[in-house]
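Colleague: I should be grateful for a close look at a single part of this predicted model. Please take one helix together with the sheet it lies across, and then work outward to the remainder.

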Amino acid sequence: MSGERTTTVLVGVTGGIAAYKSCELVRALMKRGYRVKVVMTDAATRFVTPLTFRTLTNEPVAASLWEDDPSAPVHHISLAEEADVFVIAPCTANVIAKIAQGRADDLLTTAALATEAPIVMAPAMNVHMWRDEATQENVDRLRDRGVVFVEPESGELACGDVGEGRLAPVEAIAEAVMAEAERAQDLAGRHILVTAGGTQEPIDPVRYIGNRSSGKTGFAIADEAARRGARVTLVTGPTHLADPFGVEVVRVQTALQMHAAVMERAEDVDAVVASAAVADFRPAEVARGKIKKTAAPEAIALVRNPDILAELGARQERPVLVGFAAETSDVESNARHKLEAKRCDLVVANDVSDPALGFGTDANRVAFVTRDGVEWLPMLSKRVIAREIADRLARLLGGADVE
Ligand code: C5P
């Protein structure tokens with residue numbers, strides 16, 4: 001199984017004076033037992049020769065998209081696939097900008113775009129370049145997409161200036177790589193079911209009662225859990241989102257269908273993350289034909305839908321349960337009530353009264369409510385919130401269960 005395979009760390013070296021420190025980083029990673037491969041930009045080869053890294057790692061060093069030798073063992077896709085963690089240290093402002101834009105004009109940036117592995121960046125540059133608004137905007141964009149930054153330190157810089165911009169200590173970078181390598185496997189051996197999106201409750205063949213859930217949070221959680229080694233089943237209401245890579249996707253329309261799809265699988269799963277906005281009610285009767293304007297009923301009678309999460313919570317052998325509480329008032333007390341009433345291990349609460357947050361947006365501000373208390377997170381992208389939820393989930397499941 002995956003636990004027996006040596007973890008491969010791809011070290012990207014870009015063209016800054018701190019490139020010589022990458023040699024120490026390579027050694028620090030090898031000392032921790034990782035297999036290390038190096039990819040360099042052309043500018044980086046002006047500071048340190050590929051031969052240095054080749055000798056340190058005992059692996060071929062990748063520097064060009066255009067290898068002369070057709071049998072050369074390196075190319076951008078295989079590099080991207082082999083990597084369990086991709087660390088770019090030192091990372092120049094230029095490479096940060098290119099990766100933020102999705103450019104891929106050399107081997108290193110191509111591998112960054114092609115990899116599914118977590119990316120760690122350790123920037124090193126002149127203080128003014130680091131503080132420049134363009135750089136900071138690019139860093140924020142990459143952070144939102146899940147890139148982990150090991151911030152540069154303050155001190156004397158190679159150019160003579162003083163300020164932040166020095167490469168972080170090698171040990172700090174190695175620690176960040178280690179944390180990502182562990183995180184990349186912390187849900188291995190687990191089966192996680194995620195519900196997402198809103199349900200649609202038909203009134204007649206063309207009309208329905210629905211809600212504004214986009215499914216983005218649930219899809220991000222499913223994607224994150226799969227990246228971290230879990231087997232993931234995503235049961236989703238109608239959304240325009242594409243299937244996350246490596247996830248089994250079950251598409252349903254109504255709450256009753258979602259209920260059936262979840263209950264069928266509930267016994268096989270270790271955890272259920274119920275991020276779907278399941279309609280609490282459905283029309284008592286669905287008209288067989290389209291209701292005519294002239295024959296519109298005065299009112300639509302509703303009946304209650306089953307509460308999937310509460311039903312799972314009431315089971316004797318229940319999986320780890322993560323519920324969601326999208327509230328417009330009394331967020332914390334509602335979430336705490338839900339935690340108890342539905343017997344959840346964690347409730348992710350958010351305030352949907354602010355139109356800039358919650359439904360359909362790419363960012364959100366959530367609180368984690370457990371029996372131990374409430375923890376508010378800052379405003380984060382849904383991708384990063386998914387990572388935070390997966391961190392808690394891994395803890396609740398008690399670490400990887402690798403056979
Ligand atoms: O009680 P309320 O609907 O506000 O609870 C929200 C939480 O319960 C969410 O996690 C949601 O996915 C879940 N839920 C459910 N089945 C329902 C209604 C809500 O699983 N019918």
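**A helix across a sheet**

Modeller: Helix 14, spanning residues 382–397, lies across six strands: strand 8 (191–196), strand 13 (271–274), strand 16 (320–327), strand 17 (346–351), strand 19 and strand 20. Relative to strand 16, the helix runs at about 145 degrees.

The strands beneath belong to an open sheet of eight, ordered 12-11-8-13-16-17-19-20, with mixed pairing. Strand 12 (248–251) and strand 20 (373–376) are its edge strands, and each of them pairs on one side only. On average, neighbouring strands of this sheet are turned by 15 degrees against each other, direction ignored. Strands of a sheet pair through backbone hydrogen bonds, in either a parallel or an antiparallel sense. At one end of the order, strand 19 (residues 366–370) pairs with strand 20 in the antiparallel sense over four bridges. Here Val-369 stands opposite Val-374 of strand 20.

Strand 8 deserves particular attention. Six of its six residues are buried, so strand 8 is largely enclosed by the rest of the structure. In a regular strand the side chains alternate between the two faces of the sheet. In strand 8, His-191, Leu-193 and Thr-195 are on one side, while Ile-192, Val-194 and Ala-196 are on the other; all of these are buried, and both faces are thus covered. Strand 8 runs parallel to strand 11 (residues 231–236), to which six bridges join it. His-191 has Arg-231 as its bridge partner in strand 11. Strand 8 is also joined to strand 13 by four bridges, and these two strands run parallel as well. Ile-192 stands opposite Ala-271 in that pairing.

Strand 16 leads to a residue in a contrasting setting. In the loop between helix 12 (308–313) and strand 16 lies Glu-317. With a relative accessible area of 73%, Glu-317 is exposed, because exposure is assigned over 50%. Its C-alpha atom is separated by 9.9 Å from that of Ala-266, a residue 51 positions away along the chain.

A second open sheet offers another helix lying across strands. Five strands in the order 2-1-3-4-5 form this sheet, and the pairing is parallel. Strand 2 (35–40) and strand 5 (148–149) stand at the edges with a single partner strand each, so one side of each lacks a neighbour in the sheet. Strand 1 (residues 8–13) and strand 3 (residues 85–91) run parallel and are joined by four bridges. Leu-10 stands opposite Phe-86 of strand 3. Helix 6 lies across strand 1, strand 2, strand 3 and strand 4 (119–123), and runs at about 140 degrees to strand 3.

Helix 6 (residues 107–114) also meets helix 5 (residues 93–101): their axes come within 10 Å and cross at roughly 40 degrees. That angle makes helix 5 oblique to helix 6. Helix 5 passes helix 6 in a right-handed crossing. Val-95, Lys-98 and Ile-99 of helix 5 make the contact with Leu-108, Thr-109 and Ala-112 of helix 6. By character, the residues of this contact divide into four nonpolar, one polar and one charged.

Terms used. Residues are numbered from 1 along each chain as its sequence is written. This is a predicted model: local features need pLDDT of at least 70, side-chain atom pairs count only at pLDDT 80 or more; totals for chains, interfaces and linings use all residues. Side-chain values use heavy atoms; hydrogens and water are left out. Axes are lines fitted to C-alpha atoms, for helices over the stretch in contact, and angles run from 0 to 180 degrees between N-to-C directions. Angles under 35 degrees count as roughly parallel, over 145 as roughly antiparallel, 65 to 115 as roughly perpendicular and the rest as oblique. A crossing is left-handed if the near helix is turned anticlockwise from the far one by less than a right angle, and right-handed if clockwise. Contact means heavy atoms within 4.5 Å. Ala, Val, Leu, Ile, Met, Phe, Trp, Tyr, Cys and Pro count as nonpolar, Asp, Glu, Lys and Arg as charged, and the others, Gly among them, as polar. Two strands pair if DSSP finds at least two bridges between them. Buried means under 20% relative accessible area, exposed over 50%, partly exposed in between (1.4 Å probe, protein chains only).
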